[in-house]
Amino acid sequence: MKKLSVICMMFLSVVFFATCTKVGPMGPQGPQGPQGPAGHDGNANVASSTVTVKSSDWEWLNQYGQWVVTIDYPAINNNVYNYGAVLVYMDVDGAWSQVPLTYYYQDLNDAGELINCEASIEVATLNDGGVRLFWTESDFYGGMRPQTCDFKIVAIEATVYSHRSDVDYSNYEAVKAAFQLAD
């Protein structure tokens, strides 16, 4: 066994010393490589996400006659909160409508009858990284929980927002095009 260990050590020593080479001075820099493929344009100063709020996520605020849900969104920092913009859009029949909005829809009442409904959806931006959405039925009836809805949140840093007065911020498609947002 001792003989095998000595042979292994000698073999490793030979391999180690055989691979060592003397390093000479550095040569001149080689030519520049070819241009890589074009990447996707983006904007590091604008964050956008779609959030699904389930019907069960809404909480009833009886004293105010409205439903509320809080969505954490870390992209809303002090810069965005104090000087930038936080935009919220709701998916209404496949199109993004800016919040606040009045939302018209149909639902079933307690008797199972189809009724026309109207709700006011409002948003409050939280300075600790999030938004709070408020859903108020036009008749202040709290019996019907809001449906599952998709919301798009866009947080824009102050340095970008202050230089883009040309954008129609009420139109999500215009915001998406102006800031190269991916859906």
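Colleague: Does Asp 93 count as buried or exposed?

Modeller: This is a predicted model, in which local features need pLDDT of at least 70 and side-chain atom pairs count only at pLDDT 80 or more, while totals for chains, interfaces and linings use all residues. Residues are numbered from 1 along each chain as its sequence is written, and side-chain values use heavy atoms, with hydrogens and water left out. Buried means under 20% relative accessible area, exposed over 50%, and partly exposed in between (1.4 Å probe, protein chains only). At 80% relative accessibility, Asp 93 counts as exposed.

Colleague: What phi does Asp 93 have?

Modeller: Most residues other than glycine have a negative phi. Asp 93 sits in the loop between strand 4 and strand 5. Although not a glycine, Asp 93 has a positive phi of about 55 degrees.

Colleague: Which residue in the segment after helix 4 has a positive phi of about 50 degrees?

Modeller: Helix 4 covers 172-178; helices (H or I, at least four residues) and strands (E, at least two) are DSSP runs, numbered from the N terminus. The residue in question is partly exposed, at 35% relative accessibility. With a positive phi of about 50 degrees although not a glycine, this is Gln 180.

Colleague: Where is there a cis peptide bond involving Pro 100, and what is its omega?

Modeller: Pro 100 belongs to the loop between strand 5 and strand 6 (101-108). The cis bond runs from Val 99 to Pro 100, with omega near 15 degrees.

Colleague: What is the strand order of the open sheet of 4 strands?

Modeller: Strands count as paired if DSSP finds at least two bridges between them. The pairing in this sheet is antiparallel, and the order is 1-9-4-5. The edges, each pairing on one side only, are strand 1 (46-53) and strand 5 (95-98).

Colleague: Which residue of strand 5 stands opposite Val 92?

Modeller: Strand 4 (residues 85-92) pairs with strand 5 in the antiparallel sense over 4 bridges. Opposite Val 92 in strand 5 stands Ala 95.

Colleague: By what angle are neighbouring strands turned on average in the open sheet of 5 strands?

Modeller: This sheet has the order 2-3-8-7-6 with antiparallel pairing, and its edge strands are strand 2 (59-61) and strand 6. Axes are lines fitted to C-alpha atoms, for helices over the stretch in contact, and angles run from 0 to 180 degrees between N-to-C directions. With direction ignored, the average turn between neighbours here is 35 degrees.

Colleague: Which residue in strand 8 stands opposite Ile 71?

Modeller: Strand 3 (residues 66-72) and strand 8 (residues 130-137) are joined by 6 bridges in the antiparallel sense. Facing Ile 71 from strand 8 is Val 131.

Colleague: Which strand supplies the largest share of the largest nonpolar core?

Modeller: A nonpolar core is a set of buried Ala, Val, Leu, Ile, Met, Phe, Trp, Tyr and Cys residues joined through side-chain atoms within 4.5 Å. The largest one has 27 residues, and Trp 58, Met 90, Tyr 103, Ile 121, Trp 135 and Phe 151 have the most contacts inside it. At least two of its residues come from each of several strands, including strand 7 (114-126) and strand 9 (149-156). The largest share, 4 residues, comes from strand 9.

Colleague: What percentage of the contacts with a separation of 6 or more is between residues 24 or more positions apart?

Modeller: Contact means heavy atoms within 4.5 Å. Beyond its neighbours within four places in sequence, Met 90 has such contacts with residues including Trp 96, Tyr 103, Trp 135 and Phe 151. For the protein chain, the share asked for is 62%.
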